Amino acid sequence: MILYITSFRNSEIIGEAVEKSSQTIMDTIVNDRESLVELVKTKLSQLQSPSHLLIDIQALTDTDDEVLQAIRSLRMVYDDKKLIIVALEREKGDEFLSQLFAMGIYDLVTKEDSEPVEEIMYCIDTGKKFKD
């Protein structure tokens with residue numbers, strides 16, 4: 001099961017990828033003003049059910065540091081969750097993405113990915129590894 005948070009701008013791309021994937025959609029949050037920090041604080045127990053959590057960075061109001069801290073908190077509690085980060089406005093090598101990679105989050109989709117729908121589907125169904 002997958003829970004995904006997406007911006008209005010990327011909702012079609014992400015929605016299409018999730019629909020085509022092998023995962024059942026548990027919940028969808030489409031919003032341009034979502035706080036991952038608040039979601040983790042107030043709904044942490046609800047995040048137990050989905051096996052996948054997909055986060056579109058453009059949907060969040062949090063700073064990069066706040067997002068990183070929220071993701072660290074999620075990883076501490078739910079280390080077995082697959083986290084997929086969609087950052088279509090960022091390039092590989094970006095400091096924020098580098099920090100996510102250092103945390104072991106390899107399922108990163110950036111603006112350099114020419115086919116974002118297929119890339120997101122790959123992250124959901126197969127998942128990237130360190131070498132990818």
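**Nonpolar cores, aromatic pairs and an internal cavity**

Leu100 touches Leu68, Ile71, Ile85, Ile105 and Leu108 when residues up to four places away in sequence are not counted. These contacts, like every value below, were computed on a predicted model. Leu100 is also one of the residues with the most contacts inside the largest nonpolar core, a group that further includes Ile5, Leu36, Ile55, Ile57, Ile71 and Ile85. This core has 27 residues in total. Two or more residues are given to the core by each of the strands β1 (2-6), β3 (52-56) and β4 (82-87) and by each of the helices α2 (36-43), α3 (64-77) and α4 (95-102). The largest share comes from α3, with five residues. A second core, separate from this one, has 15 residues, among them Ala17, Leu88, Val109 and Ile124. In soluble globular proteins, nonpolar side chains tend to be buried together.

Aromatic pairing was examined next. A search of the whole structure gives three aromatic pairs. In the pair formed by Tyr106 and Phe130, the ring centres are 5.9 Å apart and the planes are at 80°; planes over 60 degrees apart count as edge-to-face, so this pair is assigned to that class. Tyr106 is located in the loop between α4 and β5 (108-110), whereas Phe130 is in the segment after α5 (116-125), so the pair ties together parts separated by 24 residues in sequence. The two partners fall into separate accessibility classes: Tyr106 is partly exposed, at 26% relative accessibility, while Phe130 is exposed, with a relative accessible area of 58%. Phe101 joins Tyr106 and Phe130 in a cluster linked by ring pairs.

Ser35 was considered separately. This residue lies in the loop between β2 (25-30) and α2. Its relative accessibility is 17%, and because the cut-off for burial is under 20%, Ser35 counts as buried. With neighbours within four places in sequence left aside, Ser35 is in contact with Thr61 and Asp62.

A cavity search over the whole structure returned one cavity of 30 Å³ or more. The volume of this largest cavity is about 30 Å³. Its lining consists of Leu74, Arg75, Tyr78, Lys81 and Leu83. By residue class, the lining divides into three nonpolar and two charged residues, with no polar ones. Arg75 and Lys81 belong to the charged class, while Leu74, Tyr78 and Leu83 belong to the nonpolar class.

Conventions: Residues are numbered from 1 along each chain as its sequence is written. This is a predicted model: local features need pLDDT of at least 70, side-chain atom pairs count only at pLDDT 80 or more; totals for chains, interfaces and linings use all residues. Side-chain values use heavy atoms; hydrogens and water are left out. On a 1 Å grid over the protein atoms alone, a cavity is a set of points where a 1.4 Å probe fits but cannot get out, and a pocket is an open set with protein on both sides within 12 Å along at least five of seven lines; lining residues have an atom within 4 Å of a point. Grid points are joined across faces, edges and corners, and a volume is the space filled by probe spheres set on the points. A nonpolar core is a set of buried Ala, Val, Leu, Ile, Met, Phe, Trp, Tyr and Cys residues joined through side-chain atoms within 4.5 Å. Buried means under 20% relative accessible area, exposed over 50%, partly exposed in between (1.4 Å probe, protein chains only). Helices (H or I, at least four residues) and strands (E, at least two) are DSSP runs, numbered from the N terminus. Contact means heavy atoms within 4.5 Å. Rings of Phe, Tyr and Trp (its six-membered ring) pair if their centres lie within 6.5 Å; planes under 30 degrees apart count as stacked, over 60 as edge-to-face and the rest as tilted.
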